[in-house]
Amino acid sequence: MDLSDLIALSLCSKRTKNLAKTSNLKIESITAEIEQNVISLEMFVLGKLEKEIKFVVHKGPSMELHRGNRIEVWRKEGFTQSDWIAHFLSLCDSRVTLLKINNVPSIAHLDTVKQLFPKCDKLQICENNSIELTRAAVSKFLSLADEVRIECNPFDDKNHISELLSLNSKVLRLYNVRNVYKLKLSDLLMANSTYLNIFIARISVKELNRFVKVWMKGNRRFYRPKRIGLFLNRFITHEEVLRGIEYEAVDGQRRKYRLRRSDGKELLVLVELLSVAFEFL
């Protein structure tokens with residue numbers, strides 16, 4: 001029995017719902033996307049002929065099932081949008097793998113979203129969100145997600161990027177191709193995520209060199225990041241980044257360099273044409 005058939009059966013009664021729960025469905029991943037007042041759920045199932053299905057849930061007793069080019073409208077009297085979402089998630093007993101905040105009508109609506117999805121592995125805040133909504137979404141969901149990806153870049157002199165870089169997150173990814181993220185030395189020193197990736201970053205080679213020299217001095221004995229990766233908007237060389245610093249090539253490679261501090265701590269610097277990464281050992 002395919003996933004959609006099993007879910008249809010579960011809607012008939014409490015007994016059939018319990019029967020569906022005991023079917024040992026193995027959901028590989030669940031992606032939930034919020035756009036205006038519509039919530040989409042995409043489910044990927046292991047070991048089934050029907051491996052991917054998508055539910056589009058509007059407000060009210062109806063929802064749409066998308067299978068390839070086919071769209072079926074399901075209706076259950078008395079069901080609300082919250083009831084549909086709760087029903088789907090209860091069947092597979094799975095947390096959401098990816099929660100995408102695409103275009104939410106208001107900040108207040110985020111509270112409803114948080115109630116529907118109290119836990120997620122990854123949070124993605126899409127490009128078309130304002131700084132106010134981005135702030136609110138990060139504040140509400142940061143503790144619920146292991147990884148946060150922010151695709152909007154509304155930062156300026158009043159709304160500085162350091163506000164995000166100082167967040168206490170496990171993985172933080174900033175991604176925007178059309179509007180690059182402007183960085184300074186102070187921003188890198190404020191980084192508080194275990195893993196930080198920025199695509200695309202604008203920072204001078206002088207600032208990158210100063211960052212390495214500050215680390216070499218050992219003034220910051222506790223520095224949380226384990227890895228910082230920057231995809232840049234210009235070409236760089238390792239000679240520029242490591243100017244005036246003693247280093248050694250790792251395993252004869254010309255892109256990876258090891259630095260040792262007087263206290264024994266080590267830093268690996270990986271330099272390619274348009275990117276630089278720092279791995280703190």
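## A walk through the strands and rings

Let's start with one pairing: in strand β6, the bridge partner of E33 is K100. Keep in mind that this is a predicted model, where local features need pLDDT of at least 70 and side-chain atom pairs count only at pLDDT 80 or more, while totals for chains, interfaces and linings use all residues. Residues are numbered from 1 along each chain as its sequence is written, and side-chain values use heavy atoms, with hydrogens and water left out.

**The overall picture.** The chain's secondary structure comes to nine helices and 16 strands. Both kinds of element are DSSP runs numbered from the N terminus: helices are H or I with at least four residues, strands are E with at least two. The C-alpha atoms fill a box of roughly 70 × 45 × 35 Å, taken along the principal axes. Of the chain's 281 residues, 47% count as buried. Here buried means under 20% relative accessible area, exposed means over 50%, and partly exposed is in between, with a 1.4 Å probe and protein chains only. As for contacts (heavy atoms within 4.5 Å), take those between residues at least 6 apart in sequence: 59% of them join residues at least 24 apart.

**Strand β1 and its partners.** E33's strand, β1, covers residues 27-35, and seven of its nine residues are buried. β1 pairs with β6 (residues 96-103) in the parallel sense, over five bridges. With β2 (residues 38-45), β1 pairs in the antiparallel sense over eight bridges. Strands count as paired if DSSP finds at least two bridges between them. One bridge of β1 with β2 matches I30 with M43. The two strands form a hairpin with two residues between them, and Q36 in that turn has a positive phi of about 55 degrees.

**Q124 and H87.** Q124 belongs to strand β7 (residues 120-125). Leaving out neighbours within four places in sequence, Q124 is in contact with L98, L99, K100, I101, R149 and E151. With E151 there's also a side-chain polar contact of 2.9 Å. A polar contact is a pair of N or O atoms within 3.5 Å; within protein, one must be able to donate a hydrogen and the other to accept it, and residues adjacent in sequence count only if both atoms are side-chain atoms.

H87 lies in helix α3 (residues 81-92). Not counting residues up to four places away in sequence, H87 touches I7, S10, L11, K17 and F79. Two of those, I7 and S10, are among the buried residues of helix α1 (residues 3-10), along with L3, S4 and L6. Seen down the axis of α1, the buried residues fall within an arc of 160 degrees, so they line one face of the helix. That arc is taken from the directions from the helix axis to the C-beta atoms. Why do such patterns turn up? An α-helix has 3.6 residues a turn, so residues three or four places apart point the same way.

**Rings meeting rings.** Nine aromatic pairs turn up in a search of the whole structure. The rings of F55 and W74 sit with centres 6.1 Å apart and planes at 65 degrees, so the pair is edge-to-face. This pair links distant parts of the chain, with F55 in strand β3 (residues 52-57) and W74 in strand β5 (residues 70-75), 19 residues apart. Both F55 and W74 are buried. Y175 and F199 form a stacked pair: 4.9 Å centre to centre, with 10 degrees between the planes. Again the pair links distant parts of the chain: Y175 is in strand β9 (residues 171-175), F199 in strand β11 (residues 195-202), 24 residues apart. The rule is that rings of Phe, Tyr and Trp (its six-membered ring) pair if their centres lie within 6.5 Å; planes under 30 degrees apart count as stacked, over 60 as edge-to-face and the rest as tilted.

F55 and W74 also belong to one aromatic cluster, with F79, W84 and F88. Charges join in too: K76 lies over the face of F79, 5.6 Å from the ring centre, and R149 lies over the face of Y175, at 4.3 Å. To count, NZ of Lys or CZ of Arg must be within 6 Å of the ring centre and within 35 degrees of the ring normal.

**Out in a loop.** D251 is found in the loop between β13 (248-249) and β14 (256-260). The C-alpha atoms of D251 and I101, 150 residues apart along the chain, are separated by 43 Å.

Here is how accessible some of these residues are:

| Residue | Relative accessible area | Class |
|---|---|---|
| H87 | 6% | buried |
| Q124 | 13% | buried |
| F199 | 25% | partly exposed |
| Y175 | 33% | partly exposed |
| D251 | 73% | exposed |
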